[in-house]
Amino acid sequence: MRHVVVIGAGLGGLAAAVRLAAAGRDVTIVEAGQAPGGCCGTAAVGEYRFDTGPSVLTMPEVLADVFTAAGQDMESLLPLRRLDPYYRLRYHDGSHLDVVAGEDAMVEQVRALCGTAEADRYRRFRIRLGELFDAEWPAFIDRDMTRLRDLARPRVLARLAALGGFRSLDSLVRSHLTDHRLVKAHTFQALYVGLPPRRALGIYAVIAHMDTVGGVFFPRHGGMRAIPRALAALAERAGARIRYGVRAIRVETGSSGVRGVRLDTGERLAAENVVVACDLPRAHTGLLPEEAGDWRLRRPRYSPSCLVLHLGLDRRLTGQAHHTLHFGREWDATFAALRAGRPQPDPNLLVTYPESDTDAAPTGHATLTVLEPTANLRGGADWDRLTPELEGRLLARLADLGYGDLSRAPRLTLDPPAWARLGHSAGTPFALDHRFTQTAWFRPAGVSRRVPGLHFAGMYTAPGVGVPPVLISGRLAAERVLETSR
């Protein structure tokens, strides 16, 4: 039986391992941490437990497909619930918009906030979002982009151009919507791909479609950390072995390609194929052989980072949505500051209140997570000085927004240096940004051309950042392994 080593038990590595093991391959997952998850991690402060990775889960069918590949039903092993609302958007003028399920229900939300004319424009824009998604998903997101000809598809490119996919995201949205609040509701997602709305391509409006039309979901039990745990159990059930607390230190190669993986225990795992599913720039600084270098990483452009406060509350909140976005008065200036490596003058905040994750806090208590976008470590800031300043400002902002005085609440702070200590290059958990020259075929390749048997998965490869894209990258890596080693 042909042996495959998967390096990293994050979502991409686990998705690849499940499919490979289910297809009959002998699979070993090597994970330096003590539990599965990678970026989708967890941490505790006293009696409070926090999800330290992604909090937004869209396209649950992509996750369900991993379970199906192993002959299992996701609903029985990892039941999800659709959030209601998906988001609550709060604006500096005191108004708010709930993003809810169903076209008619959402149109009524827009009508109540922005008027009938804008509601009609929104309905037409919603159709355009669906058209962009239908054109883009099978051609670029759910497709292997390891060959240039996969990108150069004239009919698809022409269709995307006709739909506005190669305009800026900001101009695309503003050509359909006029109310600034609704424009913000459909362009803030540019931060997911590490770019301001004026620089992100219109093709990334599909993220707004995934969020606002497809919906946002959450595990019924155990929080977001339940996802990697369920995938790890699924991989083991399919026959894969997981080695926790063991670090891969070198992928060994020979004249025919991959030969094995050397571990920090001194062991050597023989393998004909290796899937590297960890931080890719760091992997190229010792783990991977020199001939595996990728020209796409010679001048990487990283996404901004974030300051995150995980707070333990001594009470539960009434009427609080799971996800609330607080928009500041500034808009363009906040993105300009990020680009210049400065703190945002009036940051937009994402507040996550996982009320249904009752095991994350003592009875009658709850957790709250607040995320403020910041520059990454390439910005050159003095974080020893800046982090306390931003923490104080953020706590004061939360008090002004009605969350009360949280300065004495148990908390865990993650800033760019902390992200770097957790293994993220440039101190950002969002990898490379998604400018055109780091998108699709231009993103680091999912397979090494010079080292047969060496494959890659995770957010550094195509399709990119986010839970569904990372899961897809794992599927694509598994398919390449199976195709080349029949």
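**Reading a predicted fold, feature by feature**

Biologist: I notice that G115, just after α4, has a positive phi of about 100 degrees. Which residues other than glycine take a positive phi?

Modeller: First, keep in mind that this is a predicted model. As for the general idea, a negative phi is what most residues other than glycine have. Here, M59 goes against that, with a positive phi near 50 degrees. A431, which is not a glycine either, has a positive phi of about 60 degrees.

Biologist: Where do M59 and A431 lie?

Modeller: M59 is in the loop between β4 (48-51) and α2 (60-69), while A431 belongs to the loop between α15 (416-421) and β19. M59 has a relative accessible area of 10%, so M59 counts as buried. A431 is buried too, at 0%.

Biologist: And the peptide bonds: which ones are cis?

Modeller: The usual state is trans for most peptide bonds. In this model, the bond from D84 to P85 is cis, with omega near 0 degrees, and another cis bond joins A462 and P463, with omega about 5 degrees. You will find P85 in the loop between β5 (80-82) and β6, and P463 in the loop between β19 (454-456) and α16 (467-484).

Biologist: Let's go back to α4. How far apart are its end C-alpha atoms?

Modeller: They are 16 Å apart, and at 1.5 Å a residue the 12 residues of α4 (103-114) should span 16 Å, so the two agree.

Biologist: Which residues of α4 are buried?

Modeller: M106, V107, V110, L113 and C114 are the buried ones. They sit on the same side of α4, because they cover an arc of only 130 degrees around the axis. The general idea helps here: with 3.6 residues a turn in an α-helix, residues three or four places apart point the same way. On the other side of α4, D104 and A112 are exposed.

Biologist: What covers the buried residues of α4?

Modeller: The cover includes β7 (96-99), α5 (116-141) and α9 (180-185).

Biologist: Now the aromatic rings, please. How many aromatic pairs are there?

Modeller: There are 10 aromatic pairs. To describe a pair, use the distance of the ring centres and the angle of the planes. Take Y91 and F327: their centres are 5.2 Å apart and their planes meet at 15 degrees, under the 30-degree limit, so this pair is stacked.

Biologist: Where in the chain are Y91 and F327?

Modeller: They link distant parts of the chain, 236 residues apart: Y91 is in the loop between β6 (87-90) and β7, and F327 is in the loop between β15 (323-326) and α13 (332-340). Y91 is buried, with a relative accessible area of 5%, and F327 is buried at 4%. Both also belong to one aromatic cluster, formed by Y87, Y91, F188, Y192, F327, W331 and F335.

Biologist: How are the rings of F133 and W137 arranged?

Modeller: Their centres are 5.4 Å apart and their planes are at 25 degrees, so they are stacked as well. F133 and W137 are both in helix α5, 4 residues apart, about one turn of the helix, and both are buried.

Biologist: Which charged end sits over the ring of W441?

Modeller: That of R296, 4.7 Å from the ring centre.

Biologist: Last topic: the nonpolar interior. How many residues are in the largest nonpolar core?

Modeller: In soluble globular proteins, nonpolar side chains tend to be buried together. Here the largest nonpolar core has 130 residues, and L231, V274, L288 and L454 have the most contacts inside it. Helix α5 gives the most to this core, with 11 residues. For a local view, look at L231: leaving out residues up to four places away in sequence, L231 touches L11, L14, V18, L63, V66, F67 and L471. There is also a second, separate core of 20 residues, which includes L313, L368, W383 and L386.

Biologist: Is P54 buried, partly exposed or exposed?

Modeller: P54 has a relative accessible area of 26%, so P54 is partly exposed. This proline lies in the loop between β4 and α2. Beyond residues up to four places away in sequence, P54 touches C39, C40, M224 and V467.

Note on methods
Residues are numbered from 1 along each chain as its sequence is written. This is a predicted model: local features need pLDDT of at least 70, side-chain atom pairs count only at pLDDT 80 or more; totals for chains, interfaces and linings use all residues. Side-chain values use heavy atoms; hydrogens and water are left out. Helices (H or I, at least four residues) and strands (E, at least two) are DSSP runs, numbered from the N terminus. The expected span of a helix is 1.5 Å times one less than its number of residues. Buried means under 20% relative accessible area, exposed over 50%, partly exposed in between (1.4 Å probe, protein chains only). The arc is that of the directions from the helix axis to the C-beta atoms. Contact means heavy atoms within 4.5 Å. Rings of Phe, Tyr and Trp (its six-membered ring) pair if their centres lie within 6.5 Å; planes under 30 degrees apart count as stacked, over 60 as edge-to-face and the rest as tilted. A charge sits over a ring if NZ of Lys or CZ of Arg is within 6 Å of the ring centre and within 35 degrees of the ring normal. A nonpolar core is a set of buried Ala, Val, Leu, Ile, Met, Phe, Trp, Tyr and Cys residues joined through side-chain atoms within 4.5 Å.
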